[in-house]
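Welcome! Have a look at the sequence and the model below, and then work through the exercises at your own pace.

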Amino acid sequence: MKVGLIGGTGGMGEGFALRWSPKHDILVGSRDVQKAKDAANNYFRTARNYYGDKMSGNIIGDENLSIARKSDVLLLSIHYEHIKDTCEQISKHLRDDCIVISPIVPMKKTESGFVYTPMEDSKRSAAEAVAAHLGDKFKIVASFHTISEARLKSIHEGLDSDTFVCGNDKDALATVNNLISEISGLRYIYLGPLSIAYQAEILTPMLLNSAHRNKIKNPGIRIV
Ligand SMILES: NC(=O)c1ccc[n+]([C@@H]2O[C@H](COP(=O)([O-])OP(=O)(O)OC[C@H]3O[C@@H](n4cnc5c(N)ncnc54)[C@H](OP(=O)(O)O)[C@@H]3O)[C@@H](O)[C@H]2O)c1
């Protein structure tokens with residue numbers, strides 16, 4: 001499968017590239033082609049060193065629009081503020097059957113701690129903003145909100161945690177669940193349709209506040 005990472009040069013993009021490259025071709029996207037190629041080369045070196053011959057996928061870099069055209073699954077590894085522009089740019093380039101994943105968490109730091117901004121500013125959840133700006137025809141799945149970048153990038157370690165998954169399309173959910181299961185120690189927990197993805201997104205500021213105030217490093221969530 002071809003897994004595209006829009007904003008793949010960022011921290012989460014690196015983690016996803018390293019975790020999925022054993023089985024899939026990873027397309028690292030950026031607004032800047034050279035930045036994408038440099039990141040892809042670095043990720044490939046790290047993955048190849050670790051997985052050796054077990055790595056069947058390739059990792060290549062290109063600009064975001066080119067990545068969008070080629071991807072079977074496209075993960076939007078960008079911030080909330082960039083959803084509108086990015087989705088409007090890529091929507092006409094996506095294949096009709098492309099599955100789009102949003103790990104996006106809208107939040108900001110205030111004097112009280114991290115807060116979930118849609119609740120404060122009467123805005124949409126990230127998942128609903130992606131759906132609104134991409135249009136109805138694409139299958140959108142929200143997940144990975146509570147996965148720490150540092151732990152995702154540590155390929156020698158399992159994550160030993162859960163991730164909530166929201167979406168409306170059964171086949172798209174099954175594809176994303178398979179991708180989640182390929183990440184060592186990560187379990188998917190189905191939460192419900194995309195309309196309640198805010199319940200997964202809002203957990204991230206909660207996790208960060210509890211981690212910061214109790215000196216917990218790279219926290220995650222596990223349902224027991
Ligand atoms: N970090 C975490 O632990 C974590 C955990 C869970 C969820 N998340 C969510 O995952 C998403 C990515 O987080 P991250 O930490 O990987 O972010 P990041 O390191 O800041 O990377 C985001 C990427 O967005 C791209 N970008 C910057 N400005 C842009 C613009 N104006 N338009 C379009 N793209 C732009 C950049 O790529 P180019 O400059 O190469 O285009 C950049 O590499 C966020 O929504 C975050 O809430 C993060």
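Five short exercises follow, each with a worked solution.

Before starting, please note that this is a predicted model: local features need pLDDT of at least 70, side-chain atom pairs count only at pLDDT 80 or more, and totals for chains, interfaces and linings use all residues. Residues are numbered from 1 along each chain as its sequence is written.

**Exercise 1. Work out the order of the strands in the open sheet, and find its edge strands.**

Step 1. Helices (H or I, at least four residues) and strands (E, at least two) are DSSP runs, numbered from the N terminus. Two strands pair if DSSP finds at least two bridges between them.

Step 2. Following the pairs gives eight strands in the order E3-E2-E1-E4-E5-E8-E9-E10, and the pairing is mixed. The edges are strand E3 (59–63) and strand E10 (186–192), each of which pairs on one side only. From one strand to the next, the twist averages 25°. Angles run from 0 to 180 degrees between N-to-C directions, and axes are lines fitted to C-alpha atoms, for helices over the stretch in contact.

Step 3. Now check one pair: strand E1 (residues 2–6) and strand E4 (residues 73–76) run parallel and are joined by four bridges. Within this pair, Val 3 has Val 73 of E4 as its bridge partner.

**Exercise 2. Describe how strand E8 (residues 139–142) is paired and covered.**

Step 1. Strand E5 (residues 99–102) pairs with E8 in the parallel sense, over four bridges. Here Ile 101 has Val 141 of E8 as its bridge partner.

Step 2. Strand E9 (residues 161–167) runs antiparallel to E8, and two bridges join them. In E9, Cys 166 is the bridge partner of Ala 142.

Step 3. In a regular strand the side chains alternate between the two faces of the sheet. In E8, Lys 139 and Val 141 lie on one side, Ile 140 and Ala 142 on the other, and all are buried, so both faces are covered. A residue is buried if 20 or more other C-beta atoms lie within 10 Å of its own, exposed if 12 or fewer, and partly exposed in between, with C-beta atoms placed from the backbone.

**Exercise 3. Find the largest nonpolar core and follow the contacts of Val 28.**

Step 1. A nonpolar core is a set of buried Ala, Val, Leu, Ile, Met, Phe, Trp, Tyr and Cys residues joined through C-beta atoms within 7 Å. The largest one has 63 residues, and Val 28, Val 100 and Val 130 have the most contacts inside it. Helix H2 (residues 33–51) gives the most to this core, with six residues.

Step 2. Two residues are in contact if their C-beta atoms, placed from the backbone, lie within 7 Å. Not counting residues up to four places away in sequence, Val 28 touches several residues, including Ala 36, Ala 39, Ala 40 and Tyr 43.

Step 3. H2 lies across strand E2 (25–30) and E3, and runs at about 170° to E3.

**Exercise 4. Decide whether Ser 77 and Gly 29 are buried or exposed, and find the distance between their C-alpha atoms.**

Step 1. Ser 77 sits in the loop between E4 and H4. Ser 77 counts as buried because it has 26 C-beta neighbours inside 10 Å.

Step 2. Gly 29 is found in strand E2. Gly 29 is buried too, because 33 other C-beta atoms lie within 10 Å.

Step 3. The two are 48 residues apart along the chain, and their C-alpha atoms are separated by 9.4 Å.

**Exercise 5. Characterise the shell around the ligand.**

Step 1. A residue belongs here if its C-beta atom, placed from the backbone, lies within 6 Å of the molecule. That gives 25 residues, and the closest are Gly 7, Gly 10, Met 12, Ser 30 and Glu 149.

Step 2. Helix H1 (11–20) and helix H4 (83–90) are the elements that give two or more residues. H1 supplies the largest share, three residues.

Step 3. Sorted by type, the shell has seven nonpolar, 13 polar and five charged residues. For this sorting, Ala, Val, Leu, Ile, Met, Phe, Trp, Tyr, Cys and Pro count as nonpolar, Asp, Glu, Lys and Arg as charged, and the others, Gly among them, as polar.
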